[in-house]
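Reader: I am new to this structure and would like a close look at a single part of it, with enough of the surroundings to see where that part sits. Please take me through it slowly and in connected steps.

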Amino acid sequence: MKWISASLRVLVCLTAAALISCKEDSSTPPGISVESGDISTFPGENVVIKATVSDEVGLESITLTCAALDIVKVYDLSGQKPVVFNVSYQFFVPANTDTSVTAEVVIEARSTSDKRSDRSIPITYLTDTTAPVITTPGSEIGVDFDETTETGEAEAAFSFTDDRGLASARLEIESIGFDESAALSGRSGEVTFYPVFTATGDFDATLTVTDAAGNSANKPLVFQVVGGEPSNPIDDYACMWIANTVENAADYVLGYYQYMTRTAAYTYTVEYYAPAGAQVVFVPTQTLDGPDYYGRSPQSATKILNNKDYVIPVTITAEGYYNITINIQAQTLTLYPHIPASTNPFAADIKGYVWTDGYDNQTTPAAAVAGNPMRLTCPLVVYAVADAWPALQFTDAAWANTWKPLYDSAWAVIGWGHNIDGNGASFGSIGAGTYPTVFDMETMWVTVKKP
């Protein structure tokens, strides 16, 4: 029996050794599983290859190669000999890659038993068919004509973007023989052209931008060259105010003049809601009767002058939101549509509250204007005598969100803030009544009209 027991122990040991030897000498090559069987990319992009490599004995090394892109990446795994290894390798495809040359990434795996396997991942180069974008708004460019030198030099600045890469911009003004190009690079760029005119009038032009793939976009322009126009002295005001002259300031108790932020010397900007046919002007104080009154030149839609007796309002034909910027020193106006937020998470239960004469007066919930969820109408009921000064703020039903006015140093309302400390907006009431109120949550501006 001892002899049998010993023989069995020997047999078990020999069997285990054989199995271990068989495993170490496995004839099965490593397995390679890739996240994607091919690569589609534009030149100039980063690419990430992800793969899982496995072997029952253990992995000795993994090598990634691509002759067309000079890629050689070796993972030396001889120290760990893992049975599973996850590859995540990033490489860059140069923008000047010759896309006519066939390219592939080869993953080669070698096990500790020197068994090998490989997997090829072909690279497909995508073709850029998207045209670049001219991001400079407007199509009319005002130019001052110097009567003394009988010339007018424009300073025409343009900006562009492209999802792959820009190549060049070109400005053509056929009537004066102007045709200049400028090189561009990267995915955004700017260029300024300086055409010189020797007469007044309107001059048609074409701006063309081309990307690295040869796609192009065109934009028709008009250079409006005008002679000397009367303009009063200007100042670098702390702020400006925009007003729609179609309406009457006397009909409002709050918000007729909307605040414009000074963003640089002599430069002011505002996000503005305009009803159809609005005619706006710009003033440094909240009055249209002051000495400074800015409007557009009768000869150029993009030229701003300070002369109430000469300028005309800027007409905004279509209803909507606009970004408006004026530079009163350069005498320029930039106006282009602004796309508002599509939803208003607070509109369902916003109410206006007025405090006056000891009353806490709550209006009915605000209602969104048809087609514009950001613009809320809110008729405020005021119980007050003629000399009272109601104070207004907005809140939701739970008072978790409140909106109160922002003030400048002179206590003029310059905007509205969300969940801020401070007082409500005071306005001179003309007595008890229902005051039509609009809270525009896109521009953060409130108007209150007389009953």
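Author: The part to look at is the largest pocket, whose lining counts 31 residues, and those nearest its centre are E140, I141, T302, T332 and L333. The model in which this pocket is found is a predicted one, and the space that lies in the largest pocket comes to about 930 Å³. As for the elements behind the lining, at least two residues each are supplied by β10 (140–144), β12 (156–161), β25 (300–306), β26 (314–316), β27 (320–327) and β28 (332–337). The strand that gives the most to the lining is β10, with five residues.

It helps to follow β10 outward from the pocket. This strand belongs to an open sheet of five strands, arranged in the order β10-β18-β17-β13-β14 and with mixed pairing. Within that sheet β10 is an edge strand, as is β14 (178–183), and each of the two pairs on one side only. From one strand of the sheet to the next the twist averages 20 degrees. At the β14 end, strand β13 (residues 166–173) runs antiparallel to β14 and is joined to it by six bridges, and in this pairing L171 has E180 of β14 opposite it.

Next to consider is the loop between β27 and β28, for both of these strands contribute to the pocket lining. Q331 has its place in that loop, and its phi is near 60 degrees, which is a positive value in a residue other than glycine. With a relative accessible area of 19%, Q331 falls under the 20% limit and is therefore buried. A useful comparison is K81, placed in the loop between β5 and β6 (84–92), where phi is near 50 degrees and again positive in a residue other than glycine. K81, however, has a relative accessible area of 41% and is partly exposed.

Another loop residue is T200, found between β16 (196–197) and β17 (201–211). Its relative accessible area is 44%, so T200 is partly exposed. Although T200 and Q224 are 24 residues apart in sequence, their C-alpha atoms are 7.6 Å apart in space.

From here the surroundings can be widened to the aromatic rings, of which a search of the whole structure finds 19 pairs. One of them is formed by Y237 and Y294, an edge-to-face pair with 6.1 Å from centre to centre and 80 degrees between the planes. Because Y237 lies in the loop between β18 (216–226) and β19 (240–244), while Y294 belongs to strand β24 (residues 294–297), the pair ties together parts that are 57 residues apart in sequence. Y237 and Y294 are both buried. A further pair is W416 with F439, whose ring centres are 6.3 Å apart and whose planes stand at 45 degrees, so this pair is tilted. Here W416 is in strand β36 (residues 413–418) and F439 in strand β39 (residues 437–440), so the pair ties together parts that are 23 residues apart in sequence. W416 and F439 are buried as well, and they belong to one aromatic cluster together with F346, F394 and W403.

The loop that holds Y237 leads on to β19, and this strand pairs with strand β21 (residues 258–264) in the antiparallel sense over three bridges. In that pairing W241 stands opposite Y259 of β21. On to β22 (residues 267–274), β21 is again joined by three bridges, with the two strands running antiparallel, and T261 has T269 as its bridge partner in β22. These two strands, β21 and β22, make a hairpin with two residues between them, and in its turn Y266 has a positive phi of about 65 degrees.

A last element of the setting is another open sheet of five strands, in the order β2-β8-β7-β4-β5, whose pairing is also mixed. Its edge strands, each pairing on one side only, are β2 (39–41) and β5 (71–76). Neighbouring strands of this sheet are turned against each other by 15 degrees on average, direction ignored. Between β2 and strand β8 (residues 116–125) the pairing is parallel, over three bridges, with S40 opposite T124 in β8. Elsewhere, K73 lies over the face of Y75, at 5.0 Å from the ring centre.

Technical notes. Residues numbered from 1 in each chain as written. Predicted model: local features only at pLDDT ≥ 70, side-chain atom pairs only at ≥ 80, totals over all residues. Heavy atoms only, no water. Pairing = 2+ DSSP bridges. Helix = DSSP H or I, 4+ residues; strand = E, 2+ residues; numbered from the N terminus. Axes fitted to C-alpha atoms, helices over the stretch in contact; angles between N-to-C directions. Phe/Tyr/Trp six-rings, centres within 6.5 Å; stacked < 30°, edge-to-face > 60°. Buried < 20%, exposed > 50% of the residue type's maximum accessible area, 1.4 Å probe, protein only. Lys NZ or Arg CZ within 6 Å of the ring centre and 35° of its normal. 1 Å grid on protein atoms, 1.4 Å probe; cavity = no way out; pocket = protein on both sides within 12 Å on 5 of 7 lines; lining within 4 Å. Points joined across faces, edges and corners; volume = space filled by probe spheres on them.
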